[in-house]
Amino acid sequence: MNDKNKRMSGGKPTGERRSRKTPKESKDNATRMMHHKVKTARGRKIGSKLWLERQLNDPYVKEAKIQGYRSRAAFKLKELNEKYKLIKKDALVVDLGAAPGGWVQVSMELGAKEVIGIDILPVETVAGAQIIEMDFMLDEASDKLKSMLGREPDVVLSDLAANTTGHRNTDHLKTVALVEAAAEFAMEVLRPGGNFVTKVFQGGTERKLLDRLKDNFEFVRHAKPNASRKGSPEIYLVAKNFRGRK
Ligand SMILES: C[S@@+](CC[C@H](N)C(=O)[O-])C[C@H]1O[C@@H](n2cnc3c(N)ncnc32)[C@H](O)[C@@H]1O
């Protein structure tokens with residue numbers, strides 16, 4: 001396996017990978033940050049032109065490529081972990097909405113012993129991880145995940161994001177449903193003292209769920225990592241030190 005493939009397979013990281021910097025930290029990046037403009041080719045819609053332009057000019061996309069991460073989202077988890085110390089050595093981590101695998105890579109890099117994950121989309125193998133291809137919203141999904149856990153996990157991560165329809169209410173309801181399902185699952189499986197992180201959207205977490213999380217975790221905060229696009233309504237909810245099932 002050549003170096004590039006090794007990186008993309010997300011195998012256990014080497015010492016060199018532990019010293020990876022975030023794009024914000026990496027001053028030499030300036031030379032790589034030349035602005036790309038994308039011509040509107042025939043057949044290319046304006047929306048996809050803008051998307052492509054944003055991708056080409058996004059320092060986190062560039063840095064993810066350079067550092068062998070499968071997604072720019074990897075930097076979000078790195079930042080959240082830096083600030084909140086979520087993943088400890090030998091942790092058992094659950095990753096909901098794992099594709100393409102950036103958070104799986106970062107979890108292993110941070111010393112997790114195993115990652116159990118799920119996504120509707122396939123995820124290329126990562127050493128130390130078992131990812132199932134299934135809809136997390138199906139009744140059988142949480143039982144399937146539970147059957148794969150040898151013990152209560154230390155951390156549950158959810159970066160679940162539904163495809164948007166453009167219809168505001170529908171999208172909002174879909175998102176709320178994913179966040180609630182992830183939170184309920186976390187509270188069903190986490191070990192006492194465990195941590196939960198979930199993507200939520202503008203407006204933060206619904207009041208009822210936020211109260212429930214505050215009841216069940218000692219520490220609950222909303223956070224917006226630098227790697228999360230400024231214009232995006234996405235934020236994260238960090239809940240630490242699960243009080244345990246009553
Ligand atoms: C933002 S991406 C996750 C990126 C990932 N954290 C990474 O670092 O590579 C959100 C993922 O949620 C998945 N997803 C959305 N709804 C889902 C569902 N009901 N069940 C399983 N996965 C779902 C999508 O397929 C997508 O891969």
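**Around the ligand**

I looked up the ligand first and found 22 residues surrounding it, the closest being Ala-73, Gly-97, Gly-102, Phe-136 and Asp-159; a residue counts as near when its C-beta atom, placed from the backbone, lies within 6 Å. Helix 6 (102–109) and strand 2 (114–119) are the elements that give two or more residues to this shell. Helices (H or I, at least four residues) and strands (E, at least two) are DSSP runs, numbered from the N terminus. I sorted the shell into 14 nonpolar, four polar and four charged residues; Ala, Val, Leu, Ile, Met, Phe, Trp, Tyr, Cys and Pro count as nonpolar, Asp, Glu, Lys and Arg as charged, and the others, Gly among them, as polar.

**A note on the model**

This is a predicted model, where local features need pLDDT of at least 70, side-chain atom pairs count only at pLDDT 80 or more, and totals for chains, interfaces and linings use all residues. Residues are numbered from 1 along each chain as its sequence is written.

**Backbone oddities**

I found a cis peptide bond from Ala-99 to Pro-100, with omega near 5°. Pro-100 sits in the loop between strand 1 (92–96) and helix 6.

Next I checked Asp-90, in the loop between helix 5 (74–84) and strand 1. Its phi is positive, near 65°, though Asp-90 is not a glycine. Asp-90 counts as exposed because it has 10 C-beta neighbours inside 10 Å; the cut-offs are 12 or fewer for exposed, 20 or more for buried, and partly exposed in between, with C-beta atoms placed from the backbone.

Asn-241, in strand 7 (residues 234–242), also has a positive phi, near 60°. With 16 C-beta neighbours inside 10 Å, Asn-241 counts as partly exposed.
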